[in-house]
Amino acid sequence: MDSSLYEKATNLLIKFIAVPSFSKEEDEVASVLEEFFEKERVHSYRKGNNVWARNQYFDPAKPTVLLNSHLDTVKPNPQYTRDPFKPEIIDGKLYGLGSNDAGGPLVSLIATFLHYYPQQNLKYNVMLAATAEEEISGTGGVESIWSSLPPVDFAIVGEPTLCQMATAEKGLMVLDCIARGKAGHAAREEGINAIYEALPDIEWFRNYKFPIVSKTLGPIKMTVTIINAGKQHNVVPAECHYTVDVRVTDAYSLEELLEEIRKNVKSEVSPRSLRMRPSGIAEDHPLVKAAIKLGIERYGSPTTSDQALIPAPSIKMGPGDSARSHTADEFIYADEIRKGIETYIKVLNEVIL
């Protein structure tokens, strides 16, 4: 690997960290990337806060691999002890908001893209897309530019996985539920308490096990995460609102899960969306074969990413550790960036050369 790729990646990540880039507020960081590509003499495209580029010898007759990661970050954890927008390398750690999730994977993919950019006679086109709104699963991210991209045959989504390969990823369905009762005075035997009406349903969400378990992603997981009822102490609440986080596997469609849930609870159940579907890739795909050949560990991921919104076979892989994501004083090891670039190139060399 050309050592300048590592230097370019690290310097670009330092610039990214210094610019606040919360979801829906990625305008400035997208401009930083446009300027970087211009300096590298790479023509780039932009729509909203999404930036993408194609290799120099792009051939519409060839299949295309997409390298994708996100530009946006969450807001700083309140327990930060250092300036989240001041990038610093201390004892081999590059500190800063978004350094691990997903700045490190993103700049490693950008460096990988630059590695292949001038090469001729590749079996695949190589395209890089740095996209917005991943941290909030917003509609202004990768799905908003999909129709502007050439057809994509498979994708590598850059997320912190310790450079292991996630060959499958759980989807997400968020449910807003309402248990209904009847208001009454708490001092008398009046009304129907909506909280008590909700309890059996909440207990069902806690304990129910869907019978089909995914080979790659394991069981479906349902968790009640928010509950709200009542406005004053002496009134029996007529409604109890609660939210359920459902981590979905490829064993069921979201529609099948929703139907089964509604059969088993009395509460009104409304999904916020049916967009965040489980994703994955066939076991005999060239990317998976490359991972096997190179001894890269493979697993099914319980967390969601832009994989859910990419309608093509995909894997999730990158430098950094998911356990550091969204934590105070976030960091990535500088050497992880180097390893990320090297790993991406090794895997792709098995497929596109």
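Q: Why is D329 called buried?
A: D329 has 17% relative accessibility, and because buried is defined as under 20% relative accessible area (exposed is over 50%, partly exposed in between, with a 1.4 Å probe and protein chains only), D329 counts as buried. This is a predicted model, in which local features need pLDDT of at least 70 and side-chain atom pairs count only at pLDDT 80 or more, while totals for chains, interfaces and linings use all residues. Residues are numbered from 1 along each chain as its sequence is written, and side-chain values use heavy atoms, with hydrogens and water left out.

Q: What makes the phi of D329 notable?
A: Phi of D329 is near 55 degrees, a positive value in a residue other than glycine, and D329 lies in the loop between β17 (314-316) and β18 (331-333), where strands are DSSP runs of E with at least two residues and helices are runs of H or I with at least four, numbered from the N terminus. Most residues other than glycine have a negative phi.

Q: How do you know that C163 is buried, and where is C163 placed?
A: The relative accessible area of C163 is 8%, so C163 is buried; its place is in the loop between β7 (154-157) and β8 (165-169), and C163, although not a glycine, has a positive phi of about 65 degrees.

Q: What makes the bond between D101 and A102 a cis peptide bond?
A: Omega is about 0 degrees for the bond that joins D101 and A102, and A102 is found in helix α3 (residues 99-116). Most peptide bonds are trans.

Q: Why is T64 called buried, and which side chain does the side chain of T64 meet in a polar contact?
A: T64, in strand β3 (residues 64-70), has 1% relative accessibility and therefore counts as buried. Its side chain makes a polar contact with the side chain of N125 at 3.3 Å, where the limit for the pair of N or O atoms is within 3.5 Å, one able to donate a hydrogen and the other to accept it. Leaving aside neighbours within four places in sequence, T64 is in contact (heavy atoms within 4.5 Å) with residues including F58, Y124, M127 and F154.

Q: Why is α1 called roughly antiparallel to α2?
A: The axes of helix α1 (residues 3-17) and helix α2 (residues 27-39) come within 10 Å and cross at roughly 150 degrees, which makes α1 roughly antiparallel to α2, since over 145 degrees counts as roughly antiparallel. In this pair, K8, L12, K15 and F16 in α1 meet V29, V32, L33 and F36 in α2.

Key
Axes are lines fitted to C-alpha atoms, for helices over the stretch in contact, and angles run from 0 to 180 degrees between N-to-C directions. Angles under 35 degrees count as roughly parallel, over 145 as roughly antiparallel, 65 to 115 as roughly perpendicular and the rest as oblique.
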